[in-house]
Amino acid sequence: ASSRDLPAPFTRVSRGAMTATAAQLDELAEMIDAEPRGLIVCGPRCPGDDFPAAVAALSRASGYPIFADPLSGVRFGAHLAETAVIGGYDTFLMGAGPDWQSPDLVIRFGHVPTSKSLNDYLDRIRPRHRVHINQEGAWADDTHRVSYLLQADPTSVCTELADRLQPRGLAEWAAELQARETACWQAMEAALGGDYFDGAVMADVIVNSPAGTRLFAGNSLSVRHLDQFGRPSLKRLHPFANRGASGIDGNISTALGIGAASSAPLVAVMGDITFYHDMNGLLAIKQLGLKVTIVLLNNDGGGIFHRLPVARIEPPFTELFITPHGMEFGPAAQLYGLQYVRVENRADFQTAFAASLDGPASWLIEVKRDGVQDHARRQELLAAVAKALKSKD
């Protein structure tokens with residue numbers, strides 16, 4: 001049976017919205033009016049539906065740029081038109097970050113951002129106000145910097161605030177930030193033309209996925225590559241990921257569950273350890289009649305650990321952190337009835353990815369990589385981008 005033939009759920013769950021009071025909205029509007037230098041941060045698990053358009057309207061009315069996590073639902077879509085949405089922060093905030101004035105007001109939506117660079121920046125700055133708006137009232141500030149937590153429906157708050165404000169353009173510091181965003185992506189795209197590596201694979205997936213694609217990123221490196229190499233665009237994509245203490249568990253099953261809920265194209269990008277941990281989840285492809293393209297970044301172990309200081313301690317680094325396995329995954333594709341191809345360069349990947357999107361079959365595209373080389377290639381790319389940005393300062 002296909003996903004469209006599945007029966008309706010036994011229990012349908014719904015809930016109403018908790019709206020902010022007029023006094024609460026007036027207080028926020030006065031705060032924004034008093035602080036022309038402000039920033040909106042949209043982390044993972046922001047609301048769907050009308051929220052991206054509503055927060056974009058608030059950005060335009062307030063003159064505040066948006067730092068949009070790829071899992072926020074805000075980074076990709078038509079709502080970005082004429083809106084200062086920033087996605088290159090994970091690159092240009094690394095280290096000390098640029099020397100510009102910090103915002104005096106930060107308005108947060110969603111959960112803690114994926115990017116370490118962004119989280120370090122938010123911890124380092126000292127705005128007068130830090131407002132976090134979420135309907136659940138959940139505390140999502142591990143540095144305990146939030147000064148005002150408002151439990152209310154974020155979409156209605158954004159809409160009401162935008163209506164209360166007198167629209168103003170970007171402040172000078174925000175215009176400089178937007179210019180740095182543009183320069184960052186220009187330098188990034190130039191640097192991506194060099195030797196192929198796993199981050200460039202993610203960049204190719206984002207550029208070549210059709211509008212409406214459900215894009216699932218596995219934890220560890222894949223979701224961080226989505227954050228760093230996913231340039232904001234008017235093309236609507238729907239990124240997903242499992243974020244949590246046991247983040248690599250059940251990723252294939254999660255991706256296929258997302259695919260079962262929609263007829264939109266489904267692409268899943270994940271590393272070899274993540275794939276291995278839920279390989280039996282592939283059975284759902286046949287059981288539910290799903291079509292999926294799985295891009296498997298196989299660097300023979302946990303490549304993300306090359307970023308940690310423990311990488312310099314050998315042993316036990318390779319045995320206990322990288323955990324190499326030496327497996328090839330073609331037989332898994334055969335076992336579960338997927339088309340399979342193994343690629344090692346950009347041209348072959350782009351050809352295979354285009355073929356996987358054309359036709360009814362599900363595909364496993366295994367991209368064979370070397371974790372040490374890819375880590376060095378990313379460091380080289382980031383140094384080239386930093387040099388290009390510095391020349392423009």
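In this predicted model, the search for enclosed space gives 1 cavity of 30 Å³ or more. About 70 Å³ of space lies within this largest cavity. Its lining is made up of Asp198, Leu221, His225, Asn299, Gly303, His306, Arg307, Gly371, Asp374, His375 and Arg378. Two elements, helix H8 (221-229) and helix H15 (371-392), each give two or more residues to that lining. H15 provides the largest share, with 4 residues. Sorted by class, the lining of the largest cavity holds 6 polar and 4 charged residues, together with 1 nonpolar residue.

Open pockets can be described in a similar way. The largest pocket has a volume of about 600 Å³, and 20 residues line it. Nearest its centre lie Lys116, Ser117, Arg224, Arg307 and Arg378. Helix H4 (116-124), H8 and H15 are the elements that give two or more residues to this lining, and the largest share, 4 residues, comes from H4. By class, 8 residues lining the largest pocket are charged, 7 are polar and 5 are nonpolar. Arg307 and Arg378 are named both in the lining of the largest cavity and among the residues nearest the centre of the largest pocket.

The second largest pocket has a volume of about 450 Å³. Of the 19 residues that line this second pocket, Arg45, Cys46, Leu71, Pro239 and Phe240 lie nearest its centre. Strand E8 gives the most to the lining, with 3 residues. Here the classes come to 8 nonpolar, 6 polar and 5 charged residues.

Strand E8 also leads to the sheet. The strand order E8-E7-E9-E10-E12-E11 describes an open sheet of 6 strands with parallel pairing. At its edges are strand E8 (238-240) and strand E11 (339-343), each of which pairs on one side only. Ignoring direction, neighbouring strands of the sheet are turned by 15° against each other on average. As a reminder for readers new to such folds, strands of a sheet pair through backbone hydrogen bonds, either parallel or antiparallel. Within this sheet, strand E9 (residues 266-271) and strand E10 (residues 293-298) run parallel and are joined by 5 bridges. Glycine 271 stands opposite leucine 297 in E10.

Helix H14 (residues 346-357) packs on the sheet, where it touches E9, E10, E11 and strand E12 (363-368). The direction of H14 makes about 170° with that of E12.

Terms used
Residues are numbered from 1 along each chain as its sequence is written. This is a predicted model: local features need pLDDT of at least 70, side-chain atom pairs count only at pLDDT 80 or more; totals for chains, interfaces and linings use all residues. Side-chain values use heavy atoms; hydrogens and water are left out. On a 1 Å grid over the protein atoms alone, a cavity is a set of points where a 1.4 Å probe fits but cannot get out, and a pocket is an open set with protein on both sides within 12 Å along at least five of seven lines; lining residues have an atom within 4 Å of a point. Grid points are joined across faces, edges and corners, and a volume is the space filled by probe spheres set on the points. Ala, Val, Leu, Ile, Met, Phe, Trp, Tyr, Cys and Pro count as nonpolar, Asp, Glu, Lys and Arg as charged, and the others, Gly among them, as polar. Two strands pair if DSSP finds at least two bridges between them. Axes are lines fitted to C-alpha atoms, for helices over the stretch in contact, and angles run from 0 to 180 degrees between N-to-C directions. Contact means heavy atoms within 4.5 Å.
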